[in-house]
Amino acid sequence: MSHASNGDPGRTTDGDARSGATGFDFFEAGELPAPNLPAAEVARIVREHWRLDVELQTLGSQQDQNFLASAGGSPVGVVKITNPAFTATELAAQEAAAARIAASAPDLRIATTTTDASGSPRHAVAETSDGPRSIRLIHYLPGGTLSGGGYLSPPTIARMGELTARTSLALADFEHDGLDRVLQWDPRHADRVVELLAPHHPDPSRRTQVTDAAAAAWARLATVAADLPQQAVHLDLTDDNVVCTTERGIRSPDGLIDFGDVTRSWAVAELAITISSVLPAVRAFHERRPLSPAEIAAVWPLVVLRGAVLVVSGEHQVQLDGGANAYATSGVEREWRIFEQAVSVPIDVMTAVIADSLGVDVGAAEASTETRLETSPGDVARAVRLDVSITSDDVDAGAWLDADLEERLALAALDAGASVAWLERGTPRLSACRIRSASSSATVPTGIDVWFAEPQKLSAHGGSRLVIEMADGAIILDGAVLARTRARIRLEKPGAPRLPHLVRPEYATGWLALTEDPAQAMGLGGVGTGPSTIATSDAATLIARRDRSFADVQGHYYADPPRIERGWREHLIGTDGRVFLDMVNNVTPLGHGHPKLAAAVAKQLRTLNTNSRFNYGAVVAFSERLAALLPDPLDTVFLVNSGSEATDLAIRVALAATARRDVVSLLEAYHGWTYASDAVSTSTADNPNALATRPDWVHALDAPNPFRGVHRGADAARYAPEAADRIRRLAADGRPAAALIAETFSGNAGGIPLPDGYLAEVYSAVREVGGLAIADEVQAGYGRLGHWFWGFEQQGVVPDIVAVAKAAGNGYPLGAVITTRAIAARFRTQGYFFSSTGGSPASSVAGLAVLDAFKEERLQENAAETGGYLKHRLEELASRHPLIGTVHGLGLYLGVEFVRDRETLEPATEETAAICNRLLELGVIMQPTGDHQNVLKTKPPLCLARESADFFVDMLDRVLVEGW
C-alpha cells in the first residue's frame, strides 16, 4: 500500500501523471468529449451482437454515453458506450471491482454486466460511425437514484455511509492492472485539475472562490497526506450512483451503479465523495470501517477539493461538448451548490465537529495557549455574570423576545454597582433564539459580551488574537473600550479564520475549538465556559438517564428527542436554542409560560397549599365558576388530579348511582390509565391488546367514524340507531348499562366529529334503560371546538355526568367531574371521597387563572377563527397532495389523515411517522394518532397565532413536496 510523499499529496509514485501510468492519463489525454452515437445505431448494434430488440431512452453521463434499454415496455438493462480514452484493462478492472463488491455484499444490488444464455458477458467492441467503441449491457437496477431535490432523511444518509464503508472494505485488498490510471476525479490530483481547468470557468468571481478554496484545502491536506492509506476505490458513490428501494415514501439505498471511476486513491476519498449531509454518513462509515485521526483530518479538505473539481470540470465539459451534453449542462448549478455547501463552514470547524461526533481526538483543538487578557484598572471583583441561557431564571415569560434584553440586564447590573457585566461563551443564548424558523438559529457565542462601568484599555498577552467588536460594528485589535457600551470579545487561536460571534449549535464544538475563553483570560472565572457547556448533545445523555430510571412503558415522543426546557405561548425551546412550534399540546390551551397563571400559582404556593377538606376560598370559587359553565341540572363538582381520574370517578359515580356494573363505550376511544378508565378504553394505538383484554362488563359500540368506519359518508347516519338498538338489546339480555361513556368528539381517532344527532339518540337509549350518559370532555372541552365551549353542545345534548381535565389547569394537575346534586348524593354509598391535591388551593387558583385567561384573551374565539383558517389551508393542501385523505375536525381540534389510496383508504402509517420526524427537523412538534397511527394530531395551544398556523402548513407542504 503506497503513501503520498512528504508535503505533496498529489505526487505519488503510483499515481502521478508523470509516472508512466499504463492506463488513462487525464493530463496527457487533453480534451475528453463524450460519445454521441445516434440511438438508432446503438439499437442496431444491440440487436446484432445480442439478438435483443430494444427501445432506447437517453440517460445522462459526463464523459460516457448511456441508454436505458427496454423491450416490451420493461427495462432489460443499461447500454453503456464507454469513452474511447479508456483502455480495455481499465474496463476489466471495473468489471472485476463490481463483481468483488457483489460477492462481498450479496444483499446489495450491484450494476454488473448482464450475461446471455450461455453465461457470456454482453460486452463487445463494435464498429460505429464514430470508430470502434466498447459497448456493454449492464444490469438495470429499478428504484431510482437519490439525486434530485428530494429530502434525504438521516437514516437514508447513514445508509449511504454504510454502503460506502462496505464498498471500501470489499475493495481493500483488490488489485488490478486497470487501477493504474490518472483520473481528474482522483483527489490526489485535485490541485492540478483545478489549476488546469479553472481558466475555463466563465465567472471570474466564482473562479477565484474555487481556486482560493482549493489552495487552502490542498495545503491542509498536505499535512496528513503521508498518513492516508491507499487502495482501490469506486470514487463516485454519490446520490447519482446510489440506487434505492422506496417503500411508503421512505428511500433506502441498496444498490450501486457506475464503476467508471474505479481507481487507486486514498481510502478516505470514498467517504469524502459520498458525503452530502456530513455527520450521519460519517458516523455510519466509521462504525463499519473506523477512520484514523489522519483520515478524519482529511475528510473535509477532500470534500472541498471534490466540490472545486466538480465546478471546474463541469464548466469545462459543457464548453467541450458545445452545449450538446444536457447532463453536464444541467449539473453546473448543482455542482456550484455542492461547492458552496462545502466551503460554507471552515475546514477546521468541520474537522472538529466530525471528530467530536466520532469521539476521536485529532488534535484539531490545540491545548490552551493560556492567553492573558489585561484590563486597565484590573478590577473584576465586582463582576456580574448575566444569564440569558435557555434555563435562565433571570428571563421570565416572553422577555427573551425583547431585542434590548441583554442591554437592559447589563446596565441594571452596572447601576447596582457592578464593575463588569458579562455574558459567557459557549452556552446557547435564549435572547438569540428565533421563532418560526425552519432551521436552527445562531445561538452559541464564540466569545463573551462585556459592559464595563469604566473605560478600559484591553491588551492580550499570549498566542491568541484578541478581537473586539463594538456595538457600532467597529473591530478593534487590542485597544480601548468605552464604558457602559457592549463589547464582544473573542480570543481566536493562531491560524484560525475570523470567527462569527454567534454560531449555530450543530457547529459550535468546531467553532469553539478555535477559541479561548476571554472570561478566564480576564480572571472572571470559568463558570459555564467552554465547549462542555453546549447543550447540543445533552438531549441524548438525558434520554439515556431516563431509560435507566424511568419505566420503559412510559414512552417519549421521537426516537431521538430534543431536550425541551422552556416554552412560550405555542412554542417550545430546546436547550440548544432551537425553537419549535408546538402543534400537538392540548394540555396547555393558554400556551406555555403563561405569566398570570404562573404568578397566581406561585403566590398561592407561598401562602397555602393543602387538601380540599380544609375550608378556603379558592376551591369554592373555582367549583362555582366551573359549575356555572354547565347547563342545568349539572351543578355539583368533584375535583381530582387528571383526566384518567376524572373518567374513572365518572364511571364509579354512575355505577353507584344505578347499582349496576355494565358500561357501554365506543371503539377507537381512549379514556385514561386507571382501572376503570382503562377498562372502557378501546384504542389499539394506545394498547394493541385493548379489544382482547376488556373486562366482561364493558360493551363496545362501533366507532362512529364517517370516513373509514363501517358506515361512511351519508351512511354514517346508521351508527346512532344501531348503537341505540345494541343498548336496548343488552338490557333485554339482562345486562342493562349503568352508563354510556363517550368522547363528545372523537379525539384519539383523529379529531373526528360525531355524526349529527348521534349523542341525542344514544343518550336517549341509555336513559330509556335506566342508565346515565357520561360525556368525556377531557380533550374536546374548554373551547377547543371554537364555536362551543363543550363538545356535547355541538351535538345539542346535555349529559348526566361530565369528565373534565387537561385544559382545566393548563398543565397543572387538575380534573373535575360535574353532575347533578341527586346523582352525586348516591355516591355516598361508596363511602367518603376526596383527592389530596385535586382542588388544592394551588390547583383551584390555577383553574381560576385559566378561566380568566379564556375570557381576557378570547381563546375560544381564536380557536374558531384561527382554527377555521388552519383547516381551510390544510384542505387546500389536500387538493394538491393525494396522500392527504381528508382533514377532520373543528376549531383547533383537527386531524390530517394520510392514506395510500383514497379509494381503499389504506392507512399511510409508516409515512405518517416519517412525516412527523421530518416536521421535527423543520421546527414543528407533531405526533400521529388514531388506531392506524396515520392521522396528524393537530391540537395546538388555543393561543395559536395565524402566522404559526401558516408556518405549520408551509412546513407540511414542504415535506409532502420534498419527501420524508
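**Exercise 1. The largest cavity**

Task: For this predicted model, determine which residues lie nearest the centre of the largest cavity and how its lining divides by class.

Solution.
Step 1. The lining of the largest cavity consists of 13 residues. Those nearest its centre are Leu666, Leu667, Glu668, Pro704 and Ser746.
Step 2. Sorted by class, the lining of the largest cavity has eight nonpolar, three polar and two charged residues.
Step 3. The volume of the largest cavity is about 100 Å³. In total, seven cavities of 30 Å³ or more are counted.

**Exercise 2. The second largest cavity**

Task: Establish which elements give two or more residues to the lining of the second largest cavity, and which element gives the most.

Solution.
Step 1. The second largest cavity holds about 60 Å³ of space.
Step 2. Its lining is made up of Trp185, Pro187, Ala190, Ala269, Ala272, Ile273, Leu302, Leu305, Arg306 and Val309.
Step 3. Two elements give two or more residues to this lining: helix 7 (269-274) and helix 9 (293-320). Helix 9 gives the most, with four residues.
Step 4. By class, the lining of the second largest cavity comprises nine nonpolar residues, one charged residue and no polar residues.

**Exercise 3. The nonpolar cores**

Task: Identify which residues touch the most other members of the largest nonpolar core, and which helix supplies the largest share of this core.

Solution.
Step 1. In soluble globular proteins, nonpolar side chains tend to be buried together.
Step 2. The largest nonpolar core has 91 residues. Within it, Tyr758, Tyr782, Leu870, Leu874, Phe898, Phe952 and Leu956 touch the most other members.
Step 3. Helix 25 (residues 841-856) supplies the largest share of this core, nine residues.
Step 4. Leu870 serves as an example. Leaving aside residues up to four places away in sequence, Leu870 touches Met583, Leu892, Leu894, Thr938, Leu944, Ala949, Phe952 and Val953.
Step 5. Another core, of 67 residues, lies apart from the largest one; Ala213, Trp218, Leu228 and Ala355 are among its members.

**Exercise 4. An open sheet**

Task: State the order of the four strands in the open sheet, and explain why one side of strand 23 and of strand 35 is left without a neighbour.

Solution.
Step 1. The four strands of the open sheet follow the order 23-24-25-35, with mixed pairing.
Step 2. Strand 23 (564-568) and strand 35 (924-925) stand at the edges and each has a single partner strand, so one side of each lacks a neighbour in the sheet.
Step 3. Strand 35 pairs with strand 25 (residues 579-582) in the parallel sense, over two bridges. Asp582 has Ile925 of strand 35 as its bridge partner.

**Exercise 5. A hairpin**

Task: Decide whether strand 8 and strand 9 pair in the parallel or antiparallel sense, and describe the turn between them.

Solution.
Step 1. Strands of a sheet pair through backbone hydrogen bonds, either parallel or antiparallel.
Step 2. Strand 8 (residues 242-247) and strand 9 (residues 250-256) pair in the antiparallel sense, over six bridges. Val242 stands opposite Leu256 of strand 9.
Step 3. The two strands form a hairpin with two residues between them. In the turn, Arg248 has a positive phi of about 60 degrees.

**Exercise 6. Backbone exceptions in loops**

Task: Locate Leu235, Arg436 and Pro633, and state what marks the backbone at each.

Solution.
Step 1. Most residues other than glycine have a negative phi, and most peptide bonds are trans.
Step 2. Leu235, although not a glycine, has a positive phi of about 70 degrees. Leu235 sits in the loop between strand 7 (230-233) and strand 8. Its relative accessibility is 0%, so Leu235 counts as buried, the cut-off being under 20%.
Step 3. Arg436, also not a glycine, has a positive phi of about 60 degrees. The loop that holds Arg436 runs between strand 13 (420-423) and strand 14 (444-445). With a relative accessible area of 32%, Arg436 is partly exposed.
Step 4. Pro633 belongs to the loop between helix 18 (617-628) and strand 26 (636-640). The peptide bond joining Asp632 and Pro633 is cis, with omega about 5 degrees.

**Exercise 7. The whole protein**

Task: Find how many helices and strands the protein has, and what percentage of its residues count as buried.

Solution.
Step 1. The protein has 28 helices and 37 strands.
Step 2. Of its 964 residues, 57% count as buried.
Step 3. Among contacts with a separation of 6 or more, 74% join residues 24 or more positions apart.

How values were computed
Residues are numbered from 1 along each chain as its sequence is written. This is a predicted model: local features need pLDDT of at least 70, side-chain atom pairs count only at pLDDT 80 or more; totals for chains, interfaces and linings use all residues. Side-chain values use heavy atoms; hydrogens and water are left out. Two strands pair if DSSP finds at least two bridges between them. A nonpolar core is a set of buried Ala, Val, Leu, Ile, Met, Phe, Trp, Tyr and Cys residues joined through side-chain atoms within 4.5 Å. Buried means under 20% relative accessible area, exposed over 50%, partly exposed in between (1.4 Å probe, protein chains only). Contact means heavy atoms within 4.5 Å. On a 1 Å grid over the protein atoms alone, a cavity is a set of points where a 1.4 Å probe fits but cannot get out, and a pocket is an open set with protein on both sides within 12 Å along at least five of seven lines; lining residues have an atom within 4 Å of a point. Grid points are joined across faces, edges and corners, and a volume is the space filled by probe spheres set on the points. Ala, Val, Leu, Ile, Met, Phe, Trp, Tyr, Cys and Pro count as nonpolar, Asp, Glu, Lys and Arg as charged, and the others, Gly among them, as polar.
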